[in-house]
Amino acid sequence: EERLYGSVTATMIAEALETQGFIVDKKQLDLPEPIKKLGTYEVTIRLAQEVQTTVTVVVVPEDA
């Protein structure tokens, strides 16, 4: 398990989703704390009060 120099935040995930055509506000992402290790993570997106979905976030080194 490699640790990151920085961390992956909800803002970064929202920006990555936008590059793929999905407009999501960072406040809709259920990310209790920034991601600080490489790996695969499930992140919940709250679309409405009773509606949510999940996305898979894969954190890899920049040169990968």
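This briefing walks through the fold, sheet, core, pocket and some single residues of one protein.

The model is predicted. The protein has 64 residues, and buried residues make up 23% of them. Its secondary structure comes to one helix and five strands. Three of the strands form an open sheet.

**Overall layout**

- Read from the N terminus, the elements follow the order β-α-β-β-β-β.
- The C-alpha trace spans about 35 × 25 × 15 Å along its principal axes.
- Take the contacts between residues at least 6 apart in sequence: 29% of them join residues at least 24 apart.

**The sheet**

- The strand order in the open sheet is β2-β4-β5, and the pairing is antiparallel.
- β2 (29-30) and β5 (51-59) are the edge strands. Each has a single partner strand, so one side of each has no neighbour in the sheet.
- β2 pairs with β4 (residues 39-48) over two bridges, in the antiparallel sense.
- Across that pairing, Leu-29 stands opposite Ile-45 in β4.
- β4 also pairs with β5, again in the antiparallel sense, over nine bridges.
- Two bridge partners help to trace this pairing. Val-43 is matched with Val-55 in β5, and Arg-46 is matched with Gln-52 in β5.
- β4 and β5 make a hairpin, with two residues between the strands.
- As a general rule, side chains in a regular strand alternate between the two faces of the sheet.

**The nonpolar core**

- The largest nonpolar core holds 14 residues.
- The residues with the most contacts inside this core are Ile-13, Leu-17, Leu-29, Ile-35, Val-43 and Val-57.
- Three elements give two or more residues to this core: α1 (10-19), β4 and β5.
- The helix α1 gives the most, with four residues.
- Nonpolar side chains tend to be buried together in soluble globular proteins.
- Val-43 shows what such a core residue touches. Beyond its neighbours within four places in sequence, Val-43 is in contact with Ile-13, Leu-29, Asp-30, Leu-31, Thr-53, Thr-54, Val-55 and Val-57.
- Among these contacts of Val-43, Ile-13, Leu-29 and Val-57 are also listed with the most contacts inside the core.

**The largest pocket**

- The largest pocket contains about 400 Å³ of space.
- Its lining is made of 17 residues. Nearest the centre of the pocket lie Val-8, Ala-16, Val-57, Val-58 and Val-59.
- β1 (3-8), α1 and β5 each supply at least two residues of this lining.
- By class, the lining has twelve nonpolar, four polar and one charged residues.
- Val-57 takes part in two of these settings. Val-57 is among the core residues with the most contacts, and Val-57 is also among the lining residues nearest the pocket centre.

**A buried residue: Thr-44**

- Thr-44 is found in strand β4.
- Thr-44 has a relative accessibility of 19%. The cut-off for buried is under 20%, so Thr-44 counts as buried.
- Leaving aside neighbours within four places in sequence, Thr-44 is in contact with Gln-28, Leu-29, Asp-30, Gln-52, Thr-53 and Thr-54.
- Leu-29 is thus listed as a contact of Thr-44, and Leu-29 also stands opposite Ile-45.

**Exposed residues in a loop: Pro-32 and Glu-33**

- Pro-32 sits in the loop between β2 and β3.
- Glu-33 is found in the loop between β2 and β3 (35-37).
- The relative accessible area of Pro-32 is 77%, so Pro-32 is exposed.
- Glu-33 is exposed too, with a relative accessible area of 58%. The cut-off for exposed is over 50%.
- Pro-32 and Asp-63 are 31 residues apart in sequence. Their C-alpha atoms are 27 Å apart in space.
- Glu-33 and Tyr-5 are 28 residues apart along the chain. The C-alpha atoms of Glu-33 and Tyr-5 are separated by 15 Å.

Terms used: Residues are numbered from 1 along each chain as its sequence is written. This is a predicted model: local features need pLDDT of at least 70, side-chain atom pairs count only at pLDDT 80 or more; totals for chains, interfaces and linings use all residues. Side-chain values use heavy atoms; hydrogens and water are left out. Two strands pair if DSSP finds at least two bridges between them. A nonpolar core is a set of buried Ala, Val, Leu, Ile, Met, Phe, Trp, Tyr and Cys residues joined through side-chain atoms within 4.5 Å. Buried means under 20% relative accessible area, exposed over 50%, partly exposed in between (1.4 Å probe, protein chains only). Contact means heavy atoms within 4.5 Å. On a 1 Å grid over the protein atoms alone, a cavity is a set of points where a 1.4 Å probe fits but cannot get out, and a pocket is an open set with protein on both sides within 12 Å along at least five of seven lines; lining residues have an atom within 4 Å of a point. Grid points are joined across faces, edges and corners, and a volume is the space filled by probe spheres set on the points. Ala, Val, Leu, Ile, Met, Phe, Trp, Tyr, Cys and Pro count as nonpolar, Asp, Glu, Lys and Arg as charged, and the others, Gly among them, as polar.
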